[in-house]
Amino acid sequence: MRLGKTYRKGGFINEKVKSGSRNVAIVGPYLSGKTTLLESLLFVTGAISRKGSVKDNNTVGDSAATVEW
């Protein structure tokens, strides 16, 4: 499936992408790569100019303090 097209019964239908915000939930278990995935998606789409690092605690998606065991 390619971006910009939606699959419906019977095939692909061209749709224009509407501007505006989109809500997405990235769900997974602890240490499964959710933050890294989010950073990569934002970087590839041009929303951020560089990827942050989980180790350096400078990612866009970090909203809670890092727990050190």
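Trainee: Where is N57 found, relative to α1?

Mentor: In this predicted model, N57 is found in the segment after α1. Its backbone is worth a look: phi of N57 is near 60°, a positive value in a residue other than glycine.

Trainee: And how accessible is N57?

Mentor: N57 has 43% relative accessibility, so it counts as partly exposed.

Trainee: Which other residue has a positive phi although it is not a glycine?

Mentor: Try L31, with a phi of about 60°. L31 sits in the loop between β2 (11-14) and α1.

Trainee: Is L31 buried or exposed?

Mentor: Exposed, because its relative accessibility is 72% and the cut-off for that class is over 50%.

Trainee: Now the helix itself. How do I read its length?

Mentor: Start with the general idea: an α-helix has 3.6 residues a turn, so residues three or four places apart point the same way. For the span, take 1.5 Å a residue: the 12 residues of α1 should cover 16 Å, and the end C-alpha atoms are 17 Å apart, which agrees.

Trainee: What follows α1?

Mentor: G46 does, and its phi is positive, near 90°.

Trainee: Let me try T59. Where is its place, and is it buried or exposed?

Mentor: T59 is in the segment after α1 (34-45). T59 is buried, because its relative accessible area is 10% and the cut-off is under 20%.

Trainee: Which residues does T59 touch, leaving out those up to four places away in sequence?

Mentor: T59 touches T35, E39, G52, S53 and V54.

Terms used
Residues are numbered from 1 along each chain as its sequence is written. This is a predicted model: local features need pLDDT of at least 70, side-chain atom pairs count only at pLDDT 80 or more; totals for chains, interfaces and linings use all residues. Side-chain values use heavy atoms; hydrogens and water are left out. Helices (H or I, at least four residues) and strands (E, at least two) are DSSP runs, numbered from the N terminus. Buried means under 20% relative accessible area, exposed over 50%, partly exposed in between (1.4 Å probe, protein chains only). Contact means heavy atoms within 4.5 Å. The expected span of a helix is 1.5 Å times one less than its number of residues.
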